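Subject: Structure handover

Hi,

Here is the structure I promised to pass on. Have it open while you read, and my notes follow below.

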Amino acid sequence: MTSPLMNVYARAPLAFMKGEGVWLHSREGGEPYLDCVAGVASNALGHCHPVLVAALTEQANKLWHISNMFEVPGQDALAARLTGACFADTVFFANTGTEAVECAIKVARRYHAARGDTHRQTIIGIHGAFHGRTYAALNAAGNAAHLDGFGAPMAGFTHRSPDDWASLAAAIADPAAAAVLIEPVQGEGGARTMTGGFLESLRAACTSAGVLLIYDEVQSGMGRTGQLFAHQWFSGTEPDIMAVAKALGSGLPVAACLATAEAASGMAPGGHGSTFGGNPLAMAVAIAAFDEIAKPETLDHVRALSEHLRGSLATLAAGWPNLITEVRGKGLLIGLKLVVNNRAFIAAAREQRLLVAGGGDNIVRLLPPLTMSFAEAHDVVARLEATCAAMTAAAEVAA
Ligand SMILES: *Cc1c(COP(=O)(O)O)cnc(C)c1O
């Protein structure tokens with residue numbers, strides 16, 4: 001039977017009807033699944049967190065959507081929280097991560113254009129990056145597989161490896177450079193963490209060249225690494241512009257492009273917009289989510305849990321060198337670098353009723369809700385252990 005859905009996803013043959021915290025109940029029933037995908041790092045507070053359900057239902061009975069032709073008080077309230085918690089002075093609300101990146105690129109180019117530096121248009125992207133699926137975001141990431149068949153590459157994008165500083169520095173020094181766009185911790189690309197020293201050098205190089213620094217914290221932000229934003233682990237690394245999404249709405253589509261007043265100085269009415277961006281329903285939920293995630297207890301818990309979980313995962317990896325070679329990433333954005341095919345590992349984990357995500361460089365990612373308990377994390381490791389045992393046994397039978 002052919003599906004009426006466009007053929008763009010390789011879906012697992014599994015549908016869920018209900019979620020509670022870190023647990024998901026499938027259509028077929030039976031034991032629940034332990035969720036370490038969390039809507040790709042979006043359901044930061046787990047499924048159906050009572051505070052979010054209350055915020056959603058309360059707002060749903062008042063007003064959902066009104067358009068940006070009018071004031072939306074929830075936008076002011078969430079923007080005040082965001083700017084109070086990081087480098088930024090000003091916020092644009094969008095719906096998805098790729099839109100937030102799109103806005104960031106436009107803000108950067110407008111900054112230079114408004115100063116008369118119209119030659120400064122080049123966005124410097126980083127190898128292995130992922131910024132979403134709109135044209136500019138695809139061109140900024142430069143992933144050939146994602147661009148294949150979609151026409152000529154857009155002008156004004158170039159790419160460098162984070163491991164080739166000389167080449168990156170030369171691109172920044174180029175008089176046509178507008179901005180560097182980088183994820184402080186690459187998510188889809190393979191849970192790769194940029195070091196504080198690298199980000200500090202990048203910040204300094206951008207500042208001295210008059211080039212803007214854009215962070216894509218769509219996946220690494222909102223508490224995922226144990227700081228509200230991943231770059232806040234390192235002083236002297238603040239960007240000029242930052243894209244945030246995924247956990248910002250903790251399951252509802254909400255995104256934001258944050259900027260300093262200086263970086264956003266080229267923007268004026270008519271310069272950008274979104275029909276749904278920042279609507280009252282989205283803001284009500286995102287405010288409730290922000291207040292939960294930004295609590296010191298939540299971020300403390302993420303740090304403690306990730307340290308504990310990483311310790312257990314290192315032991316697991318040491319026990320299964322035939323399957324796992326490395327534990328990487330930051331906080332609760334965790335990557336296991338595999339010897340075996342990551343798709344096969346994900347399917348085998350599913351047999352243990354554990355959900356994990358894939359990623360570039362043949363990794364599986366663990367992106368549990370930030371609220372996962374220590375007992376649940378222990379359960380995750382036990383299920384991974386069972387996955388490794390089953391895969392090893394299957395390989396022995398095949399041999
Ligand atoms: C998921 C992701 C995006 C794209 O977000 P969408 O909401 O799917 O558009 C962009 N950047 C990073 C780092 C992401 O992880």
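**The second largest pocket**

The lining of the second largest pocket splits into 13 nonpolar, nine polar and two charged residues. (Ala, Val, Leu, Ile, Met, Phe, Trp, Tyr, Cys and Pro count as nonpolar, Asp, Glu, Lys and Arg as charged, and the others, Gly among them, as polar.) Before going on, a word on the source: this is a predicted model, where local features need pLDDT of at least 70 and side-chain atom pairs count only at pLDDT 80 or more, while totals for chains, interfaces and linings use all residues. Residues are numbered from 1 along each chain as its sequence is written, and side-chain values use heavy atoms, with hydrogens and water left out.

Back to the pocket. Its volume is about 590 Å³. Of the 24 residues lining the second largest pocket, Gln-75, Val-91, Phe-92, Phe-93 and His-272 are the closest to its centre. Helix 3 (73–84), strand 4 (90–94), helix 4 (97–114) and strand 12 (255–259) each give two or more residues to this lining, and the largest share, four residues, comes from strand 4. (Helices, H or I with at least four residues, and strands, E with at least two, are DSSP runs numbered from the N terminus.)

How are pockets and cavities found? Rolling a probe the size of a water molecule over the atoms shows where empty space is left. On a 1 Å grid over the protein atoms alone, a cavity is a set of points where a 1.4 Å probe fits but cannot get out, and a pocket is an open set with protein on both sides within 12 Å along at least five of seven lines; lining residues have an atom within 4 Å of a point. Points are joined across faces, edges and corners, and a volume is the space filled by probe spheres set on them.

**Ser-274**

Ser-274 sits in the loop between strand 12 and helix 9 (280–293). Ser-274 is in contact with Asn-68, Phe-92, Phe-93, Asn-95 and Glu-99, leaving aside neighbours within four places in sequence. (Contact means heavy atoms within 4.5 Å.) The side chains of Ser-274 and Asn-95 also make a polar contact of 3.3 Å. (That is a pair of N or O atoms within 3.5 Å; within protein, one must be able to donate a hydrogen and the other to accept it, and residues adjacent in sequence count only if both atoms are side-chain atoms.) With a relative accessible area of 16%, Ser-274 is buried. (Buried means under 20% relative accessible area, exposed over 50%, partly exposed in between, with a 1.4 Å probe and protein chains only.)

**The ligand**

Which residues are around the ligand? They are Thr-96, Gly-97, Thr-98, Phe-130, His-131, Gly-132, Glu-183, Asp-216, Val-218, Gln-219 and Lys-246. (Here a residue needs a heavy atom within 4 Å of the molecule.) A polar backbone atom of Thr-98 is 2.8 Å from an oxygen atom of the ligand. Two contacts involve a nitrogen atom of the ligand: a backbone N or O atom of Phe-130 lies 3.3 Å from one, and a polar side-chain atom of Asp-216 lies 2.6 Å from one.

**The cavity and Arg-133**

There is one cavity of 30 Å³ or more. The largest cavity holds about 30 Å³ of space, and its lining includes Phe-130, His-131 and Gly-132, which also appear around the ligand. Leu-138 and His-146 are among the lining residues too, and both are in contact with Arg-133, as is Thr-98. By class, the cavity lining has four nonpolar, five polar and no charged residues.

Is Arg-133 buried or exposed? Arg-133 is exposed, because its relative accessible area is 54%. Arg-133 lies in the loop between strand 5 (122–126) and helix 5 (135–141).

**Other spots to look at**

Ala-191 is not a glycine, yet it has a positive phi of about 50°. Ala-191 is in the loop between strand 8 (185–186) and strand 9 (192–193) and is buried at 0%. Ser-250, in the loop between strand 11 (241–244) and strand 12, also has a positive phi, near 45°.

Finally, go to helix 12 (residues 374–398) for Thr-387. Thr-387 is buried at 0%, and a polar atom of its side chain lies 2.7 Å from the backbone oxygen of Arg-383. Thr-387 also touches Phe-345, Ala-348, Ala-349 and Gln-352, not counting residues up to four places away in sequence.

Cheers
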